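Q: Please take a close look at the part of this model that holds the metal, and then at what else can be said of the surface. I am new to this structure, so please explain each term as you go.

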Amino acid sequence: MSRQSGEVILDLKNVSLSFGGVKALTDISFDVREHEIRAIIGPNGAGKSSMLNVINGVYRPQEGEIILRGQHFSRMNPYKAARAGISRTFQNIALFKGMNVIDNLMTGRNLKIRSNLIQQAFWWGAGAARGTSAPCQG
Ligand SMILES: Nc1ncnc2c1ncn2[C@@H]1O[C@H](COP(=O)(O)OP(=O)(O)OP(=O)(O)O)[C@@H](O)[C@H]1O
Ligand SMILES: [Mg+2]
């Protein structure tokens, strides 16, 4: 299939990121089109995770911009990225201790949950559908 078939959804232009003297990303540009699956490959320390962290707003690049569905972001925020439909998994699994499996999974649905704090605290109304079991002990 031709790369030119879908419209560009995500466009990164001239992104550079450094941590002090360490240049993690230097002038990186690429785009992702509709229905396209793209991969980032490279040796340890090449900057793959840093690239994903820039797309998700966890890291803020010193240079460059991210264009998502035509919207320009020089600084992406994690909540803006999530609201815009960007999701990700992490290289190192970090679970919330003291929360059971379902509640850990439900944290990934946070944006979709329509109940408020009171409803969730009392498992009432929309909050009752939030989980099915009590938090695990130990
Ligand atoms: N938070 C940070 N603070 C300082 N340096 C960092 C930070 N995150 C990444 N780096 C540095 O940026 C460079 C790129 O790291 P990154 O983790 O993005 O590489 P990677 O391609 O994901 O590697 P791996 O294959 O080991 O996961 C490395 O030199 C790393 O030490
Ligand atoms: Mg990595």
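**The magnesium site and its surroundings**

A: Ser-49 is partly exposed, because its relative accessible area is 31% (buried means under 20%, exposed over 50%, and partly exposed in between, with a 1.4 Å probe and protein chains only). This is a predicted model, in which local features need pLDDT of at least 70 and side-chain atom pairs count only at pLDDT 80 or more, while totals for chains, interfaces and linings use all residues. Residues are numbered from 1 along each chain as its sequence is written, chains are lettered from A and ligands numbered from 1 in the order in which they are written, and side-chain values use heavy atoms, with hydrogens and water left out.

Ser-49, through OG, and Gln-91, through OE1, are the protein donors of the magnesium ion (ligand 2), at 2.0 to 2.3 Å from it; donors are N, O and S atoms within 2.8 Å of the metal (3.2 Å for Na, K and Ca), and sites may look incomplete because water is not among the atoms. The pair links distant parts of the chain, 42 residues apart, with Ser-49 in helix H1 (residues 48-55) and Gln-91 in the loop between H2 and helix H3 (101-106); helices are DSSP runs of H or I with at least four residues, numbered from the N terminus. Gln-91 has a relative accessible area of 67% and is therefore exposed.

Helix H2 (residues 78-83) contains Arg-83, which counts as exposed because its relative accessibility is 64%. Between the C-alpha atoms of Arg-83 and Leu-111 there are 7.3 Å in space, although the two are 28 residues apart in sequence.

How values were computed
Helices (H or I, at least four residues) and strands (E, at least two) are DSSP runs, numbered from the N terminus.
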